[in-house]
Amino acid sequence: MLIQLPRVLSPDEVRHARSLLDQAPWQSGRSSAGSQAVVVKNNEQLPHDCEAARALRPMVLAALDRQPLFFSAALPKRVFPPRFNRYGAEANHYGNHVDSAVRYAPDSGQRIRTDLSCTLFLSDAREYDGGELVIEEPQGARRVKLDAGDLVCYPGNSVHQVTPVTRGHRVACFFWIESLVRGSEQRELLFSMDRALTALRTRDGESDEAVALTGTYHNLLRMWAET
Ligand code: NI
């Protein structure tokens, strides 16, 4: 399942992020690639500990906190500290690859299982040509190119790529989620149930049936969650 959330960052937050990122010390992204990814990875990333990355991470995490749909869909247990990348000029693509299953958070060393991969776009789609995130799904490839402030989350185990940017620059924030619920099938069931429950409550208020189904939702979550 692929989830798109518009306007996770406000236009002001995007402007703030871009002003810091325009001055930031970008480096080749190859240094953080695994042995398989390094062959196809050609982009730039911000060092984890640079000033811009330090300033922007809390803003991104706070923005996620404002998104009930993100919580319902991802059921996050741990969020990898957000990182930032840029595609353009000579460093303009990232060919087909799979993200590592387990990543180590840079400061804490905490292990994070990458159940979901997330990209938060920081450039508007019209600012650059190419630069689509292409995700292989069982139903076929999905091509994603969103506007600044919009987020996409997709299964961490998918083969994906960023196609070459042939004009302008594509700046984005990316991170991974370890979910409380490891299995995507269970997570998707909980998500669809939660959405239906929210609609039911909006229509009928706290009916006996809504309360009973909320109990069922939590019992399923209790059965499947690893805390
Ligand atoms: Ni990737």
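**Exercise 1. The metal site**

What spacing do the donors of the nickel ion follow along the chain? Work it out, then say whether His97 and Asp99 are buried or exposed.

*Solution.* Keep in mind that you're working with a predicted model.

- Step 1: Pick out the donors. The nickel ion is held by NE2 of His97, OD of Asp99 and NE2 of His160, at 2.1 Å.
- Step 2: Put them in chain order, and the spacing reads H-x1-D-x60-H.
- Step 3: Look at the surroundings of the donors. His97 and Asp99 are both buried.

**Exercise 2. Rings meeting rings**

Find how many aromatic pairs the structure holds, and classify the pair Phe70 and Phe71 as stacked, tilted or edge-to-face.

*Solution.*

- Step 1: Count the pairs: there are three of them in the structure.
- Step 2: Take Phe70 with Phe71. Their ring centres sit 5.8 Å apart and the planes make 85°, so this pair is edge-to-face. The cut-off you need here is an angle over 60 degrees.
- Step 3: Check how much of each ring residue shows. Phe70, at a relative accessible area of 3%, is buried because the limit is under 20%. Phe71 comes in at 36%, so it's partly exposed.
- Step 4: Now try Phe174 and Trp176. With 5.7 Å centre to centre and 90° between the planes, they are edge-to-face too.
- Step 5: Run the accessibility check on them as well. Phe174 is buried at 12% relative accessible area, and Trp176 is buried at 5%.
- Step 6: Follow the ring pairs onward. Phe80, Phe174 and Trp176 get linked into a cluster.

**Exercise 3. Where two domains touch**

Describe the interface of domain 1 and domain 2: which residues supply 63% of the area that domain 1 buries, and how many salt bridges does the rule find across it?

*Solution.*

- Step 1: Set the bounds. Domain 1 covers 3-179 and domain 2 covers 184-224.
- Step 2: Get the separation. Taken over C-alpha atoms, the domain centres are 30 Å apart.
- Step 3: List who takes part. Domain 1 puts eight residues into the contact, and domain 2 puts in six.
- Step 4: Turn to area. The two domains bury about 610 Å² between them, with 64% of it on carbon and sulfur atoms.
- Step 5: Find the big contributors on the domain 1 side. Ser72, Ala73 and Leu75 supply 63% of the area that domain 1 buries against domain 2, more than any other three residues.
- Step 6: Check for charged and polar links. The rule finds zero salt bridges across this interface, but two residue pairs are in polar contact, both at pLDDT 80 or more.

Definitions and conventions
Residues are numbered from 1 along each chain as its sequence is written. This is a predicted model: local features need pLDDT of at least 70, side-chain atom pairs count only at pLDDT 80 or more; totals for chains, interfaces and linings use all residues. Side-chain values use heavy atoms; hydrogens and water are left out. Donors are N, O and S atoms within 2.8 Å of the metal (3.2 Å for Na, K and Ca); water is not among the atoms, so sites may look incomplete. Buried means under 20% relative accessible area, exposed over 50%, partly exposed in between (1.4 Å probe, protein chains only). Rings of Phe, Tyr and Trp (its six-membered ring) pair if their centres lie within 6.5 Å; planes under 30 degrees apart count as stacked, over 60 as edge-to-face and the rest as tilted. Domain bounds come from an automatic or database domain assignment. Contact means heavy atoms within 4.5 Å. Buried area is the accessible area (1.4 Å probe) that two parts lose on being put together, summed over both. A salt bridge is a side-chain nitrogen of Lys or Arg within 4 Å of a carboxyl oxygen of Asp or Glu. A polar contact is a pair of N or O atoms within 3.5 Å; within protein, one must be able to donate a hydrogen and the other to accept it, and residues adjacent in sequence count only if both atoms are side-chain atoms.
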